[in-house]
Amino acid sequence: MRYIRPLSIEDAVGQLAGSAGISAILAGGSDLLVRMKGGFIEPDLIIDIKSIAGLSEIRETADGFSIGAAVPCAVLGEQAALKKAWPGVVEAAKLIGSKQVQGRCTIVGNLCNASPAADSVPALVAAGARAVIAGPAGKRTVAVEAVPIAPGKTSLAKGEIIEAILLDSQAPRSGDAYLRFIPRTEMDIAVVSAGVNLTIDAHGVVTAARVALGAAAPTVLLVEEAAEALIGRKLDEAALERLAKVCAGACRPIDDKRGTIDFRRKVAGVLARRAALTAYARAGGK
Amino acid sequence: MAGIAVSTTINGDHVEYLCQPDEPLLDVLRDRLGLTGAKEGCGTGDCGACSIILDDRLVCSCLVLGAEAEGRRIETIEGMAHGDQLHPLQQKFLEHAALQCGICTPGFLIAAKDLLAKNPDPTEEEIRFGLAGNLCRCTGYDKIVRAVQDAVHVMKGA
């Protein structure tokens, strides 16, 4: 086993692309070290990306925000501008683990771990976030929902590393929110979750919406029909009913001791409805 | 196997050690450096008994590699008292009997120290949230919370 700490993304990509055997990217380590300890992975090469210039920063750009792959979730909660623009994304990231874990875990790690129950992912998908991927052939940018393809699996090719998550500036009269259900009050894994991002006009009519569900299918679900249930309407009872029904119908959940299929479907609808109400209020809707 | 040479700062002292690539910082502290205050409860980041402060962030040292400490600044329970003079949190844990078996105590003290460094006057709810990453199977937590509240009182007066 080798541990390396490259100083540039090009070097990291080169080392990853040229490695034989099992390689692992280390940012916060809150998934990787647990998997190593449990004997689920024994990497031949660990690439620590925290010394790569820029990867530990949140930058405000002309278009919005660029969150480096090594930024711990605790830092997201300390960035006033990010919290103001994307409160739902920050709330979701802050739900991951304890204070100790918050000091290490990252949203890119949460995404690349590819758990269907990842808390930050539905919020990022609802927010229309994109991932900047560095690889042997250069850089490309993809929608966050294109990264996880199955539990524990991503669409990243050999040698590719996500270096940042991009969030646009929030449009005027917009708001986002994320909610999850867990059987205790804190520090648990989502049984089911929902992220909603919407924009309203001066009359309170929804003009754009994105609704994403977590732990409701093998990967995060972007439910376009749920967005259509909201667009062109105020958030009246009929629109909320339709949203909940569509979300319940879109789920393809597992049945386990933490929640039955019927329970997850029902709660997905309830959470989408509540998240939509919070997002609507944050957008200035009454 | 020679290992990775690491140069770091622990409780203000410059420290150098060799470690293996997959060796957790907790094992380096305990087994190589003799700093046995941080405990291994779970080894998977769930219990907080191995809590340390790494560059002003509270972390579980079981979820950090020893190799990652290069050039960083580490604070452990061993650096909390000044000689024979206990930190107010340590003193109040004693006075309130906020420990029984003591395995979780170093982690709670470090987590409480980090909490008060960032929020010198926390509410009870903020204390309970701030210490939620530390598990105690003996006390029922109430004495721990009271001890921290009392330490806040003392430290504000100081």
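This report describes a helix, a sheet, the domains, a chain interface and two backbone features of a predicted model.

Residues are numbered from 1 along each chain as its sequence is written, and chains are lettered from A, with ligands numbered from 1, in the order in which they are written. Since the model is predicted, local features need pLDDT of at least 70 and side-chain atom pairs count only at pLDDT 80 or more, whereas totals for chains, interfaces and linings use all residues.

**Helix α11 of chain A**

Helices (H or I, at least four residues) and strands (E, at least two) are DSSP runs, numbered from the N terminus. Helix α11 of chain A, residues 261-282, has 22 residues and spans 31 Å from its first C-alpha to its last, close to the 32 Å expected at 1.5 Å a residue; the expected span is 1.5 Å times one less than the number of residues. The buried residues of α11(A) include R264(A), R265(A), G269(A), R273(A) and Y280(A), where buried requires 20 or more other C-beta atoms within 10 Å of a residue's own, exposed 12 or fewer, and partly exposed a count in between, with C-beta atoms placed from the backbone. Among the elements that cover these buried residues are strands β11 (174-181), β12 (192-200) and β13 (206-214) of chain A, together with helices α9 (224-230) and α10 (237-250) of chain A. Just after α11(A), G284(A) takes a positive phi of about 100 degrees.

**The sheet in chain A**

An open sheet of 5 strands in chain A follows the order β4-β5-β10-β6-β7 with antiparallel pairing, two strands being paired if DSSP finds at least two bridges between them. Strands β4 (58-60) and β7 (138-143) of chain A stand at the edges, and each has a single partner strand, so one side of each is left without a neighbour in the sheet. From one strand to the next the twist averages 25 degrees. The antiparallel strands β4(A) and β5(A), the latter comprising residues 64-68, are joined by 3 bridges, and E60(A) stands opposite F65(A) in β5(A). Helix α1 of chain A (residues 9-17) lies across β6 (130-135) and β10 (161-168) of chain A, running at about 130 degrees to β10(A); axes are lines fitted to C-alpha atoms, for helices over the stretch in contact, and angles run from 0 to 180 degrees between N-to-C directions.

**Domains and the chain interface**

Domain bounds come from an automatic or database domain assignment.

| Chain | Domain 1 | Domain 2 | Distance between C-alpha centres |
|---|---|---|---|
| A | residues 1-48 | residues 176-281 | 35 Å |
| B | residues 4-75 | residues 88-157 | 22 Å |

Within chain B, 12 residues of domain 1 are in contact with 10 residues of domain 2, contact meaning that the C-beta atoms, placed from the backbone, lie within 7 Å. Strand β3 of chain B (residues 51-54) gives the largest share of the domain 1 side, 3 residues.

Between the chains, 21 residues of chain B are in contact with 21 residues of chain A. Strand β4 of chain B (residues 57-60) gives the most to the chain B side, with 4 residues.

**Two positive phi values**

Most residues other than glycine have a negative phi. R173(A), however, has a phi near 55 degrees and lies in the loop between β10 and β11 of chain A; R173(A) is partly exposed, with 16 other C-beta atoms within 10 Å. D55(B), in the loop between β3 and β4 of chain B, has a phi near 45 degrees and counts as partly exposed, with 13 C-beta neighbours inside 10 Å.

Conventions. Contact = placed C-beta atoms within 7 Å.
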